[in-house]
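User: Hey, got a minute to walk me through this one?

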Amino acid sequence: MRLIVTGGAGFVGSAVVRHAVRAGHDVLTIDKLTYAGRLEALTEVMALPRHRFLKADIADRDAMDAAIGEFDPDAVLHLAAESHVDRSIDNPDAFLDTNIRGTFVLLEAALHQWSRLHGARQAGFRFVHVSTDEVFGTLTEDGYFGRGSRYAPNSPYAASKAAADHFVRAWHRTYGLPAIVTNCCNNYGPRQHAEKFIPTVIRHALADALIPLYGTGANTRDWLYVEDHVTGLMATLQHGRPGETYLFGGRCELQNLKLAGLICTLLDARRPRANAQSYAHQITLVSDRPGHDWRYAIDPSYAETMLGWKAAEPLDTGLAKTIDWYLANADCLIPVNELGRLGTRTVECVGAAPSCI
């Protein structure tokens with residue numbers, strides 16, 4: 001197939017690109033190369049004849065029309081997104097531009113591409129929109145997100161992705177674009193940006209700094225190794241039905257405090273501290289993130305049944321691979337004092353304003 005992958009220099013996107021090229025597909029990677037995009041993640045494929053790279057903004061209508069028209073893809077895998085909740089709290093504008101406007105522009109360009117195809121190529125064309133479980137809001141101690149879950153986003157990031165999901169559904173229902181939405185739980189693995197949870201624990205630990213955990217550390221997430229997400233997306237391309245939604249989860253729920261402890265234990269074995277104490281002594285609870293969702297957990301049974309997909313990487317081996325990669329690539333860990341804490345923007349309410357939290 002001829003595939004366009006947006007956000008292909010990012011964490012999940014680059015894993016998709018590498019996998020697709022290895023599988024024999026022709027791939028055009030589109031990435032704006034913001035702070036989260038790294039060409040180094042594409043070193044394996046950058047010079048191969050089956051791969052091309054375009055530095056461009058997905059919200060640039062002319063650039064996307066030209067790229068899709070010239071490359072003539074059989075499918076678009078749309079992963080480009082602003083994705084860090086804390087950044088969305090501080091600067092929501094960028095999330096509207098990329099996640100909403102950018103998705104709209106791509107839908108329009110993909111619709112034009114699909115409409116000019118014929119026969120088997122038109123029937124086989126797919127637009128796969130990669131989204132998050134955060135669009136569904138938060139869970140209590142029980143239950144799981146599934147295909148019928150109500151949208152209830154609680155952060156600017158989640159709201160922007162929810163809006164994008166709705167645009168994709170509308171372009172399928174209104175114009176017939178063969179589009180599919182996927183929602184996934186927290187990904188982890190090598191090459192993830194240093195601001196995310198697992199790399200943050202690693203870099204603070206190695207810097208002999210306090211390892212910050214929001215609130216009580218009891219917030220719970222479902223974790224999926226990035227390569228398992230990639231195989232899910234490729235299964236969606238092969239077996240997914242237009243108009244459907246598929247949810248990918250790892251069946252691996254952990255409280256943040258427990259996960260941080262596991263990471264520290266693995267680091268203890270690989271790079272012991274000079275004082276022989278566990279890195280876990282550096283874990284510190286800090287003031288909570290505004291609107292912090294309590295729990296995410298996905299029921300992936302529909303994707304498992306309909307796509308023949310299942311998460312394969314256990315957490316212990318996935319974490320070990322991740323930590324080993326960061327230990328060998330310490331340059332990818334931003335120094336603690338260069339990033340600082342994000343997501344601290346607050347609004348001071350005056351008077352009795354019921355909307356203020």
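Analyst: Sure, let's go through the sheet, what packs on it, the core and a couple of single residues. Keep in mind that this is a predicted model.

User: What's the strand order in the open sheet?

Analyst: The order is β3-β2-β1-β4-β5-β6-β10, seven strands with parallel pairing. β3 (51-55) and β10 sit at the edges, each pairing on one side only. On average, neighbouring strands are turned by 20 degrees against each other, direction ignored.

User: And which helices pack on the sheet?

Analyst: One is α2 (residues 61-71), which touches β1, β2 (26-31) and β3. The direction of α2 makes about 175 degrees with that of β2. Another is α8, which touches β1, β4, β5, β6 and β10. For α8, the angle to the direction of β10 is about 160 degrees.

User: Let's zoom in on β5. How many of its residues are buried?

Analyst: Seven of the seven, over residues 126-132.

User: Which residues go on which side?

Analyst: R126, V128, V130 and T132 are on one side, and F127, H129 and S131 are on the other. Both faces of β5 are covered. That split fits the usual pattern, because side chains in a regular strand alternate between the two faces of the sheet.

User: How many bridges does β5 make with β4, and how many with β6?

Analyst: There are four with β4 (residues 75-78), in the parallel sense. Six bridges join β5 to β6 (residues 179-184), and that pair runs parallel too.

User: Which residues are bridge partners there?

Analyst: On the β4 side, R126 is the partner of A75. On the β6 side, F127 has A179 as its bridge partner. The chain gets from β5 to β6 through helix α6 (residues 156-175), in a right-handed β-α-β crossover. Also in β6, V181 stands opposite H129.

User: Switching to the core. Which residues have the most contacts inside the largest nonpolar one?

Analyst: Those are L3, V16, L77, L79 and F248, in a core of 42 residues. Among the elements giving two or more residues to this core are β1 (2-6), α8 (226-239), β10 (245-248) and α10 (301-307).

User: Which element gives the most?

Analyst: α1, with seven residues.

User: What does L79 touch?

Analyst: Skipping residues up to four places away in sequence, L79 touches V5, T6, G7, V12, G13, V16, V130 and L233. V130, one of those, is on the β5 face that also has R126, V128 and T132.

User: Now P242. Where is it, and what is it in contact with?

Analyst: P242 is in the loop between α8 and β10. Neighbours within four places in sequence aside, P242 is in contact with R126, H172, P178, A179 and I180. The C-alpha atoms of P242 and V128 are 9.0 Å apart, with the two positions 114 residues apart in sequence numbering.

User: Why does P242 count as partly exposed?

Analyst: Because its relative accessibility is 30%, and the partly exposed class runs between the 20% and 50% cut-offs.

User: Last one, T200. Buried or exposed?

Analyst: T200 is buried, because its relative accessible area is 12%, and buried means under 20%. T200 belongs to helix α7 (residues 197-206).

User: What is its side chain up to?

Analyst: A polar atom of the T200 side chain lies 2.7 Å from the backbone oxygen of K196. Beyond neighbours within four places in sequence, T200 is in contact with A194 and E195.

How values were computed. Residues are numbered from 1 along each chain as its sequence is written. This is a predicted model: local features need pLDDT of at least 70, side-chain atom pairs count only at pLDDT 80 or more; totals for chains, interfaces and linings use all residues. Side-chain values use heavy atoms; hydrogens and water are left out. Buried means under 20% relative accessible area, exposed over 50%, partly exposed in between (1.4 Å probe, protein chains only). A polar contact is a pair of N or O atoms within 3.5 Å; within protein, one must be able to donate a hydrogen and the other to accept it, and residues adjacent in sequence count only if both atoms are side-chain atoms. Contact means heavy atoms within 4.5 Å. Two strands pair if DSSP finds at least two bridges between them. A crossover is right-handed if, with the strands pointing away from the viewer, the path from the first strand over the helix to the second runs clockwise. A nonpolar core is a set of buried Ala, Val, Leu, Ile, Met, Phe, Trp, Tyr and Cys residues joined through side-chain atoms within 4.5 Å. Axes are lines fitted to C-alpha atoms, for helices over the stretch in contact, and angles run from 0 to 180 degrees between N-to-C directions.
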